[in-house]
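Here are some notes for a colleague who is opening this structure for the first time. Please read the numbered points with the structure on screen.

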Amino acid sequence: MLKIENLQASIDNKLILKGLNLEVKAGEVHAIMGPNGAGKSTLANIIAGKDDYEISSGTIELNGEDLSELAPEERAHNGVFLSFQYPVEIPGVSVTNFIKTAINQTRKAKGLEDMPAKEMLKMIREKSELLEIDRKFLSRSLNEGFSGGEKKRNEIFQMAMLEPKLAILDETDSGLDIDALRIVANGVNKLKSKDNAVIVITHYQRLLEYIVPDFVHVLYDGKIVKTGDASLALELEAKGYDWIKEELVQ
Ligand code: ADP
Ligand code: MG
Ligand code: MG
């Protein structure tokens, strides 16, 4: 699904990713953890195609296709979803209408007709029930006055509707209360299938009590320096990141 080799990337001439390797296969959930400033969000943004970054070496492939040649919209159309993609407030455009447009744009890019209204409604009904999102929420203006939890809910609803091949959730853990954690976890666990993959970026182990990852990676100083199973997250929670630093020096 996703294959990143020796990725080096900088922003404003500052090298952030320093030779990062990562392979994610269909059906897998990967967690990326690491201290503040390690480059986690940079990695997510680069996969999604945000253009503030200079890639000086390495490759990023999605299903064998070179991603670096594609614009962010094209990546989205190819099934890459990054949370916080649409943080803007759009008064007068409802949660539902926004997602309808997003879905039809993706279809259009693939040369397909708009999704028939009936099918769209059915999908909205199914996904919103699955995620326990109520009707009232769906008709609210996008992000207008949304609480942190509501923003999460909207984001996970978008993810569920778009059915991405590769979903990347960059959690700014700070704002996440227990309800928001459950919303995110619920969405991820329901999206999971043998055909798609999820990367959960998190600073804390908390979220991983609800989403059990197949692999946990430590991103440290621009590289993935350690990979393990879910137990690595517990170890990091208990011991912090200093021991990793010490291991690296040896
Ligand atoms: P993380 O998500 O792991 O906390 P980030 O990827 O956000 O880390 O940041 C990695 C490093 O890149 C940090 O040192 C940060 O200060 C720097 N950085 C991120 N964005 C910018 C930017 N727009 N301009 C300059 N430096 C940046
Ligand atoms: Mg950070
Ligand atoms: Mg970050």
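Which residues are buried in H4? The points below begin there, and the reader should keep in mind that this is a predicted model.

1. In H4, the buried residues are Ile124, Lys127 and Ser128. Because these residues cover an arc of only 95 degrees around the axis, they are on the same side of H4. The face turned away from that buried side carries the exposed residues Lys118, Glu119, Lys122, Arg125, Glu126 and Glu129.

2. Helix H4 runs over residues 117-130, and its 14 residues reach 20 Å from the first C-alpha to the last, which is close to the 20 Å expected at 1.5 Å a residue. Its buried residues pack against three helices, namely H3 (95-109), H5 (135-138) and H6 (148-162). Just after H4 comes Glu132, which takes a positive phi of about 55 degrees.

3. Helix H6 also deserves attention for its pairing with helix H7 (residues 178-191), since the axes of H6 and H7 come within 9 Å and cross at roughly 5 degrees. An angle under 35 degrees counts as roughly parallel, and therefore H6 is roughly parallel to H7. On the H6 side the residues that meet H7 are Gly148, Gly149, Lys152, Arg153, Ile156, Met159 and Ala160, while H7 contributes Asp179, Ala180, Ile183, Val184, Gly187, Lys190 and Leu191.

4. Turning to H7 itself, the 14 residues of this helix should span 20 Å at 1.5 Å a residue, and its end C-alpha atoms are indeed 20 Å apart. Ala180, Leu181, Ile183, Val184, Gly187, Val188 and Leu191 are the buried residues of H7. They lie on the same side of H7, because the arc that they cover around the axis is only 160 degrees. These buried residues pack against H6, and also against strand S9 (166-170) and strand S10 (197-201).

5. The largest nonpolar core has 62 residues, of which Phe81, Ile168 and Val200 touch the most other members. If neighbours within four places in sequence are left aside, Ile168 is in contact with Ala44, Ile47, Ala48, Phe81, Leu82, Ser83, Ile199 and Ile201.

6. A last residue to locate is Glu150, which is found in helix H6. Is Glu150 buried or partly exposed? With 17 other C-beta atoms within 10 Å, Glu150 is partly exposed, as a residue would need 20 or more to be buried. The C-alpha atoms of Glu150 and Ala26 are separated by 29 Å, and the two residues are 124 residues apart along the chain.

Notes: Residues are numbered from 1 along each chain as its sequence is written. Chains are lettered from A and ligands numbered from 1 in the order in which they are written. This is a predicted model: local features need pLDDT of at least 70, side-chain atom pairs count only at pLDDT 80 or more; totals for chains, interfaces and linings use all residues. A nonpolar core is a set of buried Ala, Val, Leu, Ile, Met, Phe, Trp, Tyr and Cys residues joined through C-beta atoms within 7 Å. A residue is buried if 20 or more other C-beta atoms lie within 10 Å of its own, exposed if 12 or fewer, and partly exposed in between; C-beta atoms are placed from the backbone. Two residues are in contact if their C-beta atoms, placed from the backbone, lie within 7 Å. Helices (H or I, at least four residues) and strands (E, at least two) are DSSP runs, numbered from the N terminus. The expected span of a helix is 1.5 Å times one less than its number of residues. The arc is that of the directions from the helix axis to the C-beta atoms. Axes are lines fitted to C-alpha atoms, for helices over the stretch in contact, and angles run from 0 to 180 degrees between N-to-C directions. Angles under 35 degrees count as roughly parallel, over 145 as roughly antiparallel, 65 to 115 as roughly perpendicular and the rest as oblique.
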